[in-house]
Each structure stands twice: as structure tokens, then as C-alpha cells.
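Work through the following exercises with the structure open beside you, and try each task before you read its solution.

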Amino acid sequence: MTKITALFFGPAKDFTQGEEETTLEFQETSVSLDNVLVALSHKYGEKFAEYIYNSCGIAVNLEYVSLQIDQEKSTFLEILQNESLKQITLVEGDELTVIPPVSSG
Amino acid sequence: MLICPDLPSKSTKAGQVPHTHCFICKLGPTMEDTWFAKENGPSLKVFLTTSPLDAQKCIDFVKDPGAGAVVYFGGTTRDSFGDREVVSLSYEAHRPMALRSLVKISNEAITKFKDFRGQDSVQKVCICHRLGTVPVLEESIVIALSSTHRKEGWEAAMYILERIKESVEIWKSEEYADGGATWKENGKEHEKVQI
């Protein structure tokens with residue numbers, strides 16, 4: 001069983017009806033990032049998963065993950081083919097943060 | 001409890017101690033409405049706050065006997081965007097990541113801008129960013145720094161601002177007189193995200 005927290009900021013909350021945080025549960029003892037995006041798509045729609053992948057940074061436990069992205073805009077199905085997503089693993093208690101393009105300063 | 005006098009005036013001033021010895025600043029996190037970077041010290045002051053920013057305090061912090069220049073930037077809420085009247089901006093942040101990024105950028109500037117002898121020119125840096133609602137005319141960000149010579153000071157201040165706008169984990173919502181609001185994105189016109 002893996003329980004992780006996902007945090008949303010700024011325009012990401014336009015997809016989550018204003019929710020800033022959610023808990024995701026998985027049967028396995030660890031979960032790859034592509035499956036986390038699938039879980040988020042179930043909860044908030046595929047467009048959200050596309051927005052995260054195409055436009056946002058993703059941090060796990062406050063560290064940005066590095067993804068190999070070959071094209072500017074991917075559909076949800078194309079996203080699920082991304083090997084680098086499958087290689088990032090989250091475990092119980094991990095925190096994933098969706099970082100939309102910033103508007104600081 | 002001994003805390004430094006830089007914290008909001010509502011705090012108990014049980015004693016006057018520098019940031020580095022302040023019980024609250026050492027903890028790093030929340031004290032009422034202000035959050036300090038744990039890396040703060042005599043030459044670096046980085047914080048987020050929902051209180052109005054005090055530009056003079058930032059300038060006073062960075063002044064240094066070895067510095068010939070003090071450079072200040074204040075970003076204020078403008079009353080319009082295109083043809084829409086703006087009444088306020090609202091900011092939210094991932095506070096730990098934003099503080100960490102601001103410290104990183106400050107250190108980048110200190111390392112990058114050297115004088116003609118190759119020595120660090122930037123002496124002290126202060127960056128504060130406001131969170132919550134910022135009405136027109138009020139600052140959402142203050143950057144102040146001191147440098148040995150003016151050239152590196154100007155360049156470092158511009159560098160810091162541009163790097164902040166690229167990467168610091170803070171988001172701004174623009175609120176209009178007609179009741180609408182949009183999330184902004186640095187570097188591009190940002191329409192409400194299509195869902």
C-alpha cells in the first residue's frame with residue numbers, strides 16, 4: 001500500500017476546483033510517476049494530466065524531477081508512453097508538488 | 001523568549017537579538033505572517049510576508065561600510081493590464097521551495113558579479129516577497145543589495161529580478177474591477193487555463 005500527497009498551486013487549482021491538496025492511494029508498495037498521473041487524471045481529468053506534463057514542473061519531496069520530453073505538446077496517451085516517467089518511483093509518505101509556470105516578482 | 005526586532009511588531013520583544021540567535025528565525029518556519037529563510041545571516045535576508053514591505057528596512061540592512069553603492073528595486077501593483085482595470089494582485093507560494101530558490105539566486109548573484117580584480121562585489125542582499133493581496137501602489141517584491149561599485153550592483157539587481165521571475169515558486173492572480181481574475185504567467189499573456 002502506498003499513500004502519497006499531491007499539492008497544487010496557482011493555475012493548477014483551476015483543474016482541481018480549488019483543491020490545494022489530495023491524497024492518492026495505491027495497492028503496491030511503490031508507484032511510478034506515470035501511474036500517479038493516471039490517478040490524478042481519474043480524479044481531475046485527463047486535461048489536468050496533460051497540463052502537468054506539458055506545462056508544469058513536478059517536484060517529489062521538494063526536489064524537481066527530470067523528465068525526458070521529446071515534443072512540445074503531448075496527449076494523455078502519448079504521456080503514458082514516456083519511459084522517463086516510469087523510472088521515477090514514489091513510496092509511502094512521498095509528496096508530489098505540481099509547479100505551474102511561475103509569476104513571481 | 002528572545003526574538004529579533006525584525007519580526008512583525010505584534011511579536012513580543014522579550015529581547016533584542018540578531019537573526020542568527022533568534023529562536024523563531026532559527027526554526028526557519030512561520031512566525032505569524034512572515035517566513036524567513038533559514039540561511040539568513042549578517043549578509044543575507046530573505047523572507048516572505050503577508051505584511052506590507054518596508055523598503056527602508058531592506059535598504060538599511062544591506063548598507064555596508066565596504067560598499068559604495070546601494071541598489072533597490074520595488075515591484076508595485078499597477079492599476080491596469082491591457083484595457084482592464086486592476087484593483088489588486090494576490091500572491092501564493094510554495095513557501096519552502098520559494099525561500100530556497102530566493103537564497104539560491106542571491107548566492108548566484110554574489111558569486112557571479114565580481115569587480116575588475118575578480119573579487120566579489122556584492123556585499124549584502126535582501127529580498128522580500130509579499131504574499132496575499134497587494135493593493136495598487138504597494139510593493140509585492142523588494143530587492144535591495146549593496147556592492148563595492150555601482151556597475152556590478154546594477155547588474156546584480158537586474159540578474160536577481162530576472163532569475164526570480166524565471167523560477168521562484170510564487171504565483172500571482174490579477175483581480176479586476178469588473179470582478180474577474182486570472183492567474184498570470186511570467187513572460188507571456190496568460191488567459192484562464194482552458195479546462
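**Exercise 1. Find the place of Gln17(A), and decide whether Gln17(A) is buried or exposed.**

Step 1. Gln17(A) sits in the loop that joins β1 (2-8) to β2 (21-26) of chain A, where helices (H or I, at least four residues) and strands (E, at least two) are DSSP runs, numbered from the N terminus.

Step 2. A residue is buried if 20 or more other C-beta atoms, placed from the backbone, lie within 10 Å of its own, exposed if 12 or fewer, and partly exposed in between. Gln17(A) has 8 C-beta neighbours inside 10 Å and therefore counts as exposed.

Step 3. Although Gln17(A) is not a glycine, its phi is positive, at about 55 degrees.

Before going on, note how the model is described. This is a predicted model, in which local features need pLDDT of at least 70 and side-chain atom pairs count only at pLDDT 80 or more, while totals for chains, interfaces and linings use all residues. Residues are numbered from 1 along each chain as its sequence is written, and chains are lettered from A and ligands numbered from 1 in the order in which they are written.

**Exercise 2. Carry out the same kind of reading for Leu62(A): where does Leu62(A) lie, and what is its phi?**

Step 1. Leu62(A) belongs to the loop between β4 and β5 (63-64) of chain A.

Step 2. Its phi is near 70 degrees, which is a positive value in a residue other than glycine.

Step 3. Leu62(A) is exposed, because 12 other C-beta atoms lie within 10 Å.

**Exercise 3. Describe how α1(A) and α2(A) pack, and which residues of α2(A) are buried.**

Step 1. Two packed helices are described by the angle between their axes and the distance between the axes. Here the axes of helix α1 (residues 33-44) of chain A and α2(A) come within 6 Å and cross at roughly 135 degrees; axes are lines fitted to C-alpha atoms, for helices over the stretch in contact, and angles run from 0 to 180 degrees between N-to-C directions.

Step 2. Angles under 35 degrees count as roughly parallel, over 145 as roughly antiparallel, 65 to 115 as roughly perpendicular and the rest as oblique, and α1(A) and α2(A) are therefore oblique to each other.

Step 3. Among the residues that meet are Leu37(A) and Leu40(A) from α1(A), and Phe48(A) and Ile52(A) from α2(A), two residues being in contact if their C-beta atoms, placed from the backbone, lie within 7 Å.

Step 4. In α2(A), the buried residues are Phe48(A), Ala49(A), Tyr51(A), Ile52(A) and Tyr53(A), and what covers them includes α1, β4 (57-60), α3 (76-79) and β7 of chain A.

**Exercise 4. Turn to chain B, and work out how α3(B) and α4(B) are arranged.**

Step 1. Helix α3 (residues 95-112) and helix α4 (residues 150-167) of chain B pack with their axes 10 Å apart, at an angle of about 150 degrees. That angle makes α3(B) roughly antiparallel to α4(B).

Step 2. The residues that meet include Ile105(B) and Ala109(B) in α3(B), and Ile160(B) and Ile164(B) in α4(B). Sorted by class, this contact has six nonpolar, three polar and three charged residues, where Ala, Val, Leu, Ile, Met, Phe, Trp, Tyr, Cys and Pro count as nonpolar, Asp, Glu, Lys and Arg as charged, and the others, Gly among them, as polar.

Step 3. Lys165(B), also placed in helix α4 of chain B, counts as partly exposed because it has 17 C-beta neighbours inside 10 Å. Apart from its neighbours within four places in sequence, Lys165(B) is in contact with Ser104(A), Gly105(A) and Asn186(B).

**Exercise 5. How many residues does each chain give to the contact between the chains?**

Step 1. Chain A gives 17 residues and chain B gives 23 residues.

Step 2. On the side of chain A that touches chain B, the elements that give two or more residues are α2 (46-55) and β7 (95-99) of chain A.

Step 3. By class, that side of chain A has 10 nonpolar, five polar and two charged residues.

**Exercise 6. Judge where chain B should be read with care.**

Step 1. Chain B averages a pLDDT of 84, with 79% of the residues scoring at least 70; pLDDT is the predictor's confidence in each residue, from 0 to 100.

Step 2. Over residues 27-31 of chain B the pLDDT is below 50, and over residues 189-195 of chain B it stays under 50.

Step 3. Where pLDDT is low, the predicted coordinates should not be read in detail.
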